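Visitor: Can you walk me through this one? I'd like the fold, then the core, then one residue in detail.

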Amino acid sequence: MSDIRKLVFFERGVETLTYFSHEMAASFRKMGYQIFFFDIQAEYADTKRLSRFLKVARPQSLPLTLSD
């Protein structure tokens, strides 16, 4: 199994989500991870961008977990 070094963080759902996503991402980036920020308010466009980030040949159904 390959060593996957990519993480997806969500932003723009609520202010605290964006803040903590960026704080955690900064630490993970220092550890060598590639980071993608998925904009909840632009989900159609970001689904395409996320597919490219993950190097998926075509957009697929992606499991998302969102909470209040």
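Guide: A term before the count: helices and strands here are DSSP runs, with at least four residues for a helix and at least two for a strand. The model is predicted. On that basis the protein has two helices and two strands.

Visitor: In what pattern along the sequence?

Guide: The pattern reads β-α-β-α.

Visitor: How much of the protein is buried?

Guide: Of its 68 residues, 21% count as buried. The accessible surface comes to about 5500 Å², and carbon and sulfur atoms hold 56% of that.

Visitor: Which residues make up the largest nonpolar core?

Guide: Five residues do: Phe10, Phe36, Phe38, Leu50 and Phe53. Strand 2 and helix 2 (43-54) are the elements that give two or more residues to this core.

Visitor: Take Phe53. What is Phe53 in contact with, leaving aside neighbours within four places in sequence?

Guide: Lys6, Leu7 and Val8 are among the contacts of Phe53, and so are Gln34, Ile35 and Phe36.

Visitor: And contacts at long range in general, what share do residues 24 or more positions apart account for?

Guide: They account for 51% of the contacts with a separation of 6 or more.

Visitor: Switching to Asp39. Where is Asp39 found?

Guide: Asp39 is in strand 2, which covers residues 34-39.

Visitor: Why does Asp39 count as buried?

Guide: Because its relative accessible area is 12%, and the cut-off for buried is under 20%.

Visitor: What does its side chain pair with?

Guide: The side chain of Asp39 makes a polar contact of 2.9 Å with the side chain of Arg12. Beyond four places in sequence, Asp39 is in contact with Glu11, Arg12 and Asp46.

Technical notes: Residues numbered from 1 in each chain as written. Predicted model: local features only at pLDDT ≥ 70, side-chain atom pairs only at ≥ 80, totals over all residues. Heavy atoms only, no water. Buried < 20%, exposed > 50% of the residue type's maximum accessible area, 1.4 Å probe, protein only. Polar contact = N/O pair within 3.5 Å; in protein donor to acceptor, adjacent residues only side chain to side chain. Contact = heavy atoms within 4.5 Å. Areas by Shrake-Rupley, 256 points an atom, 1.4 Å probe, with all protein chains shown as cover. Core = buried A, V, L, I, M, F, W, Y, C linked by side-chain atoms within 4.5 Å.
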